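Colleague: I am new to this model. Please take one helix and its surroundings and go through them closely, then place them in the wider picture.

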Amino acid sequence: MIWLSSRSRIAVMVLPALVLFTAFFAYPVLYGTGYSLTDAQGFSEPRLIGLDNYATLGDDPFFWLSLKNTVIILVVSVAFLVPASFALALLMQQRIRAAGALRALLFGPAIVAPILVGLVWVFILDPRVGLLNRLLVPLGIPEIQWIGGDSLTPYSIALVFSWASIGFAMTIFYAGLQQLPGDVMEASSLDGATRWQQLLHVTVPMMRETVGIVSILLVTNVFKIFELVYMLTGGGPVHRSETLVSYMYFVTFTSQRYGSGMAIAVVVLVLGALTSLAYLVLARRGRSA
Amino acid sequence: MPGYQPRRHGRRGLAAAAALAVALPLAACSEAGDTGQDGTTTITLSMQNADVKTADPATWAIVEAFESANPDIDVEVSGQPVSEHLQSLSIAAQSDTLPDIFWVYKSNAEEMLAGDRLLDLRPILQEQGVIEHLPATTVEHFTSGDTVFGVPYQGLLTGLWTNTKVLEDHGLAMPSTFDELLQVAEELDDDGVVTISNGASQSAFSVWQFLVWLDRFGFEDRMDGLLDGSESWDNPDFVRMYEHIAELRDAGAFSSNVATQTYQQAVDQFLQGDAAFLDAGVWAAGAIQDSDVAPHAAFWKGPTFADGVGEQNIIMNVASAPLAVAKKVGEDDAKLAAVERFLGFYYSDEAQQLMVDNGQPPVTTYEPTLEESEQSVLSAALDAASEDGVAAPATQPDLVFPVAVANAIYDSIYGVIQDQLTPTEAAALVQRALEAE
C-alpha cells in the first residue's frame, strides 16, 4: 500500500489505461467532432463550415424521426427490461428444477450476434412471410405491419432488443442477488417480514446499485442499436424505422456525407452520456435521501 | 534448472509469433504493382462486389482471359460491397494509395478528378482504338473539359422482366401503356398476385423502372437545369410521375412486404412465379435462365404514358458507373503499359463476347453472338434494346447527381410505393436534397 501511495507510481500504473483510453476513445471522439465541423464528403478536401451540420440536422425530419424512434425503444426497453429481468432473476433464485439449464436458455440470445437475431426475427415479424401473421391471419386477424409500417416498427425493435438482452440483464441481477448478505434476510424473516415485504423493503433497496448498472448498460446499448434495424427493416420504409445510429450510418456511408454523419455521432455521444449521467445523479440522490 | 528451458522456448516462440503477426499485415500492406523479378507486372483492380468471381462473372472471365493472353501481367482483383468499397476508396484517395483501376460512382470520380487523383484516359483509349467503339454519348458522359476520367464498366440495360405465364394464367394480355398496366395490377391484385416485384430493404436503389419513368416525364430536358439549380425537382411533370406510382400502389401492384423484402427476395418472388414482373436489369438474366420462368420470360421496357413528356419509346440502355484509373499509374511506365493493354483488351470484341457469355450486354458497338437455346433470356433483353425506333437516354437519372441526391431519388420513389410520402412530398424530398448540395 505504501508503494502504491506515491503519486508518481500511481501515474505510472494509470498510464497504460490512459494511453489506451486516449487512443481508442478520446482521439476518435475528438477526430469525429472535428469532422462534424466540416463538409467532408470523402473524396475531396474537407472545408471547415462551423456548426452548419448541426443546424442542418435541426431541419432534417429523418433525424428527428430517428431520435423519436430511439427514445421509444429506450423507454419501452428500460421500462420492460429492468423489472422483467429482475423478476426472472428472483425466479431463478428459487429452488426450481433445471434452474441452471433455464438460466443458460435465457442467457442464450445474449450470445447470438445481433445481426443473426435480426435475421431470425425478420422471419417472425415480416408482414407477408413472417410466422406471426401466418398464425394470426387464419384466425381472421388482418395482416399487421409489425415491421415495415410506420407505427409499430420501433416497438417491434424494442421487443426484439428486449428478447436479446433480457438474459444478460437477468444474469447481472442474479449475480447481485447472490451477493446480498444472508444475515440481513434472516433478520428480516425473524422480524416477521413477509416475502413481499422482504422484497420491497430489503432486497430492492439493497439492489439499487445493480439496478443502476443494468439501467446504464441498457441505455448505452439502446443508443448503439444498429444491426437489428439493419436486418429487420434496413431503416425503412423511407427512414421511418431508423434509430440514431442506423441513420448515422446511412448519412455517413450510404450518402457519403461524412461531416453530417459525424454530427449525428456527436449527438448520440452527448445524449448517451447525458442520459447515463442523469440516471447516476438521480440514483445518488435516491441513496442519500 | 530443467524448468527454464521450456519457458525460454516459450518466450522465443511467443516473440517469433509476435514478429510474424506484425510482419504479415505489413507484407500485405506493401504496394503491389511494381515489376517483379520474373518480369511480371502486377496491376490492381478494385470492384464493388465482395466476391467478384461469383457476383461479377463477366469481369472475372475478362480478367482470366486477359491474364492468359498476357502472362507477363498479373491482375490482382479485390472487391467489397459498394459502401465499404467507396469508403476504402475515399481513404485511399486522401492518402494517394488508390488501386490502379477501380469502379466508382461518376460523381465521386469527378471529385477525385478535381483533386488531381485520376489519369486522363483519352490518350490510352485513342492509342488502343477503343474510343471509336464506344458510343459517343458514353465518352461524353465520362468527360470533363478535355479529360476522359472514366470508361464504362458494364452496360446498364434495365426494364421489367415479365413472366408471361402469370399473365396468361389470369387471362391478361401483355400491357403496353400505363393504363393497361394499371388494369393488369387491379386484376392480379384481385387474384392475390403481385404485379411488380420490388424489395426496398437494404436495396433502396432497386427502382430502375421508375428511373426510366422520369425520362418519360422529361428528365433529360430538365437535367442541366436540375444540376445548375435553374429547374426544380418538384415540378408538375415529376409530381405527375409520382402520382402514377401512387395509382399503381393503390391498385395493389406491389408486394405488401416491399419494405422488409430485399432485392434478392424480390428476385426469388419472381422466380417462384409469384409476381408478373420483376424490376431489374440484364444482370438478372442468368438467374431467370436457370429457373422455371425461363421459357415464359420476356423483357419489357415499361409502360408509355398518355400524359408523359417527350419521347415515350425509351429503354434504359446506358453506361453504368465508370472504371477509373489512378493518376499515379502514369508515373510507372511498366504499370501504365499494363493498364493500357488491360483497357485495350477490356473493350475488345473478345472481351465483349465474354461479357455476353456471362449475361452482360456489350458496352461497345460490338454485335455479340448469342447461343439462343442457352441465352434466350438475355437475348430477349438485347432484342428489346435494339427494337426499331426505341431510343436510349444519355444516362440513368440517379447517375448524374451526388450520392446523397441519388439516395433521395430512391427514397422518394419507395416512399410513394410504400405509401409513406405523397407525390408532392416525394418530389419535395429530392428538391431538398438538391438544394443541400
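Modeller: I start with one helix, move to its neighbours, and end with the other chain.

First, the ground rules. Residues are numbered from 1 along each chain as its sequence is written, and chains are lettered from A and ligands numbered from 1 in the order in which they are written. The model is predicted, with local features needing pLDDT of at least 70, side-chain atom pairs counting only at pLDDT 80 or more, and totals for chains, interfaces and linings using all residues; side-chain values use heavy atoms, leaving out hydrogens and water.

The helix is α13 of chain B, residues 263-271. Helices here are DSSP runs of H or I, at least four residues, and strands are runs of E, at least two; both are numbered from the N terminus. Six residues of α13(B) are named as buried: Tyr263(B), Ala266(B), Val267(B), Gln269(B), Phe270(B) and Leu271(B). Buried means under 20% relative accessible area, exposed means over 50%, and partly exposed is in between, with a 1.4 Å probe and protein chains only. An α-helix has 3.6 residues a turn, so residues three or four places apart point the same way.

What do the buried residues of α13(B) pack against? The partners, in chain B, are the strands β7 (155-163), β8 (194-197) and β9 (275-281), plus the helices α10 (208-215) and α14 (285-289). A contact here means heavy atoms within 4.5 Å. Just after the helix, Gly273(B) takes a positive phi of about 80°.

Now step back to the loop before it. Ser255(B) sits between α12 and α13 of chain B. Is Ser255(B) buried or exposed? It counts as buried, because its relative accessibility is 3%. Setting aside neighbours within four places in sequence, Ser255(B) is in contact with Arg128(A), Val194(B), Ile196(B), Gln261(B) and Gln269(B). Gln269(B) is one of the buried residues of α13(B). Arg128(A) belongs to the other chain. Val77(B) makes a contrast: 178 residues from Ser255(B) in sequence, and 38 Å away in space, C-alpha to C-alpha.

Next comes helix α11 of chain B, residues 219-228. Its buried residues are Phe219(B), Arg222(B), Met223(B), Gly225(B) and Leu226(B). Their cover includes α10, α12 (236-250) and α19 (423-436) of chain B. Helix α10 also packs against α13(B). Gly229(B), just after α11(B), takes a positive phi of about 90°.

Phe219(B) and Leu226(B) both touch Trp233(B). Beyond four places in sequence, Trp233(B) has further partners, including Leu214(B), Phe238(B), Tyr242(B), Phe401(B) and Leu434(B). Trp233(B), Tyr242(B) and Leu248(B) have the most contacts inside the largest nonpolar core, which has 111 residues. Such a core is a set of buried Ala, Val, Leu, Ile, Met, Phe, Trp, Tyr and Cys residues joined through side-chain atoms within 4.5 Å. Its largest share, 14 residues, comes from α4(A). A second, separate core has 57 residues, among them Met47(B), Val63(B), Leu125(B) and Val325(B).

How far can chain B be trusted? Its average pLDDT is 89, and 92% of its residues score at least 70; pLDDT is the predictor's confidence in each residue, from 0 to 100. Over residues 1-11 of chain B the pLDDT is below 50, and that stretch has 0 contacts beyond near neighbours in sequence. Residues 14-33 of chain B are also below 50, with 9 such contacts.

Helix α4(A) leads us to chain A. Chain A has 14 helices and 0 strands. Of its 289 residues, 41% count as buried. Its C-alpha trace spans about 75 × 75 × 35 Å along the principal axes.

Val78(A) lies in α4 of chain A. It counts as partly exposed because its relative accessibility is 23%. Beyond four places in sequence, Val78(A) touches Pro83(A), Leu218(A) and Val219(A).

Two loop residues of chain A close the tour. Most residues other than glycine have a negative phi. Ala98(A), in the loop between α4 (61-93) and α5 (99-111), has a positive phi of about 55°. His239(A), in the loop between α12 (227-232) and α13 (244-254) of chain A, has a positive phi near 65°. Ala98(A) is exposed, at 54% relative accessible area, whereas His239(A) is buried, at 5%.
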